[in-house]
Amino acid sequence: MPHLVVLYTANLDREADMSGLCRSLCDTMLAQRDESGKQVFPTGGTRVLAYPAAHSAVADGKGDYGFVYMNLRMAKGRSPVVHQQMGETLKATAGTYLAAVLASKPLGITVQIDEGHEVFDGKHSTLHPLFSKA
């Protein structure tokens, strides 16, 4: 159930391929391994969704500022090492992908990871079977 939601200022659509960023972040998530070498996230359950903010205010409003907020929501059970690794890796991936934008304008990037207690966790998927090992 690893879902990475990216909220960003809409001005970034002029300067960055946000669909490409989503693919890069998803590939980064799929490449991660835990301390025992096991894939951290299931392939069929890994999703990255990005949404431009229709309305935003950043800092003092006197510049063409940008902001990217990434929130990774994952189920319980992963170690603090994995949490740290995921946060640093996602931040690095976004920073590398958005390097040209970072060089041309003030841009903030935030990564937040939430691991929570689900009060309801219903799923229905025809994706998981595509990647299940027989």
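Helix α2, which spans residues 80-97, lies across β1, β3 and β4 in this predicted model, and its direction runs at about 155° to that of β4. The strands that α2 crosses belong to an open sheet of 4 strands, arranged in the order β2-β1-β3-β4 with mixed pairing. At the edges of this sheet stand β2 (47-53) and β4 (107-116), each of which pairs on one side only, while neighbouring strands are turned against each other by 15° on average, direction ignored.

Helix α1, formed by residues 18-31, also packs on the sheet, where α1 touches β1, β2 and β3 and makes about 150° with the direction of β2. The two helices are set out below.

| Helix | Residues | Strands met | Angle |
|---|---|---|---|
| α1 | 18-31 | β1, β2 and β3 | about 150° with β2 |
| α2 | 80-97 | β1, β3 and β4 | about 155° to β4 |

Within the sheet, strand β1 (residues 3-9) and strand β3 (residues 66-75) run antiparallel and are joined by 6 bridges, and along this pairing Tyr8 stands opposite Val68 in β3.

In soluble globular proteins, nonpolar side chains tend to be buried together. Here the largest nonpolar core holds 26 residues, of which Leu4, Val6, Leu25, Met29, Val48, Val68 and Leu72 touch the most other members. Two or more residues of this core are given by each of β1, α1, β3 and α2, and the largest share, 7 residues, comes from α1. For Val48, once neighbours within four places in sequence are left aside, the contacts are Leu4, Val6, Cys22, Leu25, Cys26 and Met29.

Conventions:
Residues numbered from 1 in each chain as written. Predicted model: local features only at pLDDT ≥ 70, side-chain atom pairs only at ≥ 80, totals over all residues. Heavy atoms only, no water. Pairing = 2+ DSSP bridges. Axes fitted to C-alpha atoms, helices over the stretch in contact; angles between N-to-C directions. Contact = heavy atoms within 4.5 Å. Core = buried A, V, L, I, M, F, W, Y, C linked by side-chain atoms within 4.5 Å. Buried < 20%, exposed > 50% of the residue type's maximum accessible area, 1.4 Å probe, protein only.
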